[in-house]
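Let's take a walk through this structure together, one stop at a time. Have the sequence and the 3D view open as you read.

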Amino acid sequence: MVPNHDEAALRLRLCHILLALCLASGCGEQSQPKQDLSSSKAPPVDGHLFTKLPSGYTGIHFENRLEETHDLNVFTYRNFYNGGGVAVGDLNEDGLPEVMLTSNQHGNKLYLNKGHFQFQDITDEAGVGGKGSWATGVTFADVNGDGLLDIYVCYAGNIPGKRRANELYINQGLNKNGVPTFKEMAAQYGLADEGTSTQATFFDYDRDGNLDMFLVNNSFRPVNSFGLRNTRNVRDKVGGDKLFHNDGNGHFTDVSEKAGIFGAEIALGLGVVVSDVNRDGWPDIYVSNDFFERDYLYINNHDGTFTEQLEKEMPYISYFSMGLDIADINNDGWADIYTTDMLPEDEYRLRTTSAFEGYDIYQAKVKNGFHYQLMRNMLQRWCCLLRYF
């Protein structure tokens with residue numbers, strides 16, 4: 001879920017920081033007994049800005065435990081170690097944010113916030129455990145506009161299409177125990193996409209009052225099989241990003257091609273953020289792509305379409321773009337863009353794990369439209385007349 005205001009963004013980031021502290025010492029859920037939260041005591045404050053809260057106190061017992069087999073491992077599935085997802089939001093309207101964590105192989109977990117950083121596992125009662133097959137990103141958003149947050153879960157993995165279909169859990173309100181319950185309705189809403197999804201974000205791109213959805217997909221195809229040919233304009237059903245328009249009648253329509261969104265197999269999407277980067281009052285989209293395909297910067301045209309213009313705005317970008325965030329880091333009123341790459345910190349690891357392309361290959365990629373990319377984190381600061389630099 002993408003915040004619209006600085007205050008909302010700050011709250012969400014604080015929630016994620018605190019969540020990381022809660023999980024820092026957590027153990028696998030299968031090996032931990034249920035905790036009596038009423039008898040747990042918070043650790044003493046030690047004078048630091050943050051205090052690490054153990055799982056015995058928070059009640060959050062979660063591990064994205066991966067089990068390698070002969071047929072399923074990092075060699076047979078490139079994204080084996082890409083991880084799951086996390087969403088934070090108030091699902092029962094009591095003013096306290098709930099936490100949902102997704103697992104690649106062992107089902108998802110939803111934790112009800114009981115206050116004072118203590119949580120209760122309500123996964124089964126809420127009905128959001130999922131299919132147990134390679135969940136990736138998860139998003140909280142009021143999809144149907146009834147004032148209650150719903151849950152959208154992305155799936156990927158080396159599994160058949162139907163088992164890879166994304167899930168949409170519509171909030172049904174509270175049961176007699178005060179627990180929010182959900183009904184899976186992705187197919188009815190037209191959002192049961194069977195691609196290799198990474199993450200989804202809901203936002204109102206045409207400002208009609210309904211939340212639309214942008215879906216980032218990765219690719220199952222081996223990277224070394226693509227070569228240098230640019231197939232950015234060739235749409236792929238399984239890979240490639242998608243934009244879904246909310247028709248306002250409980251159904252979404254794929255408008256990707258009409259809206260100017262690339263849907264190519266070469267786009268190995270790992271991150272997406274929506275922000276009004278040019279301050280015209282309309283939401284724009286930035287997508288971070290892994291490997292050779294460049295990132296995408298979609299500028300909203302105010303008519304239901306977007307123009308991708310990253311090459312016009314940025315002189316160079318990260319190569320293996322992964323993590324992504326947009327915020328005004330220098331308080332000048334303009335959004336800045338930060339991407340994370342995989343450049344090793346020490347020289348030994350750099351020399352033993354990295355391969356560098358020659359000048360000719362690099363220039364061939366630039367000529368073929370993949371732009372100037374370097375393996376390092378990038379902070380793109382908006383420089384007014386100079387744009388991003």
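Before we set off, one bit of vocabulary: a residue is called buried under 20% relative accessible area, exposed over 50%, and partly exposed in between. Also keep in mind that what you see is a predicted model.

Let's start with a sheet. Four strands line up in the order β1-β2-β3-β4, forming an open sheet with antiparallel pairing. At its edges sit β1 (86-89) and β4 (118-121), each of which pairs on one side only. On average, neighbouring strands here are turned by 25° against each other, if you ignore direction. Zoom in on β1 and strand β2 (residues 98-101): they run antiparallel and are joined by four bridges. If you want a pair to click on, try V88, whose bridge partner in β2 is V99.

Now follow the chain to the loop between β3 (109-115) and β4, where you'll find F117. How open to the outside is F117? Its relative accessibility is 38%, so it falls between the two cut-offs and counts as partly exposed. The backbone is worth a look too. Most residues other than glycine have a negative phi. F117 isn't a glycine, yet its phi is positive, at about 60°.

N331 does something along those lines: it has a positive phi of about 55° and isn't a glycine either. You'll find N331 in the loop between β18 (324-327) and β19 (336-339). With a relative accessibility of 70%, over the 50% mark, N331 counts as exposed.

Another loop residue to visit is H70, which lies between α2 (55-58) and β1. H70 has a relative accessible area of 72%, so it is exposed. Its side chain makes a polar contact of 3.2 Å with the side chain of D71.

Next, let's go somewhere more covered. In strand β13 (residues 268-275), seven of the eight residues are buried. β13 pairs with strand β14 (residues 284-290) in the antiparallel sense, over seven bridges. Look across from V274 and you'll see I285 in β14.

Time for some rings. A pair of aromatic rings is described by the distance of the centres and the angle of the planes. The structure holds 20 aromatic pairs. Take Y205 and F306: their ring centres are 5.8 Å apart and their planes meet at 45°, so this pair is tilted. Y205 is in the loop between β9 (197-203) and β10 (212-217), while F306 is in strand β16 (residues 306-308), so the pair ties together parts that are 101 residues apart in sequence. Are these two buried or exposed? Y205 has a relative accessibility of 4% and counts as buried, and F306, at 5%, counts as buried as well.

F262 and Y296 make another tilted pair, with 5.2 Å from centre to centre and 55° between the planes. F262 comes from the loop between α5 (256-259) and β13, and Y296 from strand β15 (residues 296-300), so this pair ties together parts that are 34 residues apart in sequence. Both F262 and Y296 are buried. Now zoom out a little: these residues belong to one aromatic cluster, formed by F203, Y205, F214, F262, Y296, Y298 and F306.

Our last stop is where charges meet rings. The charged end of K131 sits over the ring of Y155, 4.6 Å from its centre. R207 lies over the face of W282, at 3.9 Å from the ring centre.

Key. Residues are numbered from 1 along each chain as its sequence is written. This is a predicted model: local features need pLDDT of at least 70, side-chain atom pairs count only at pLDDT 80 or more; totals for chains, interfaces and linings use all residues. Side-chain values use heavy atoms; hydrogens and water are left out. Buried means under 20% relative accessible area, exposed over 50%, partly exposed in between (1.4 Å probe, protein chains only). Helices (H or I, at least four residues) and strands (E, at least two) are DSSP runs, numbered from the N terminus. Two strands pair if DSSP finds at least two bridges between them. Axes are lines fitted to C-alpha atoms, for helices over the stretch in contact, and angles run from 0 to 180 degrees between N-to-C directions. A polar contact is a pair of N or O atoms within 3.5 Å; within protein, one must be able to donate a hydrogen and the other to accept it, and residues adjacent in sequence count only if both atoms are side-chain atoms. Rings of Phe, Tyr and Trp (its six-membered ring) pair if their centres lie within 6.5 Å; planes under 30 degrees apart count as stacked, over 60 as edge-to-face and the rest as tilted. A charge sits over a ring if NZ of Lys or CZ of Arg is within 6 Å of the ring centre and within 35 degrees of the ring normal.
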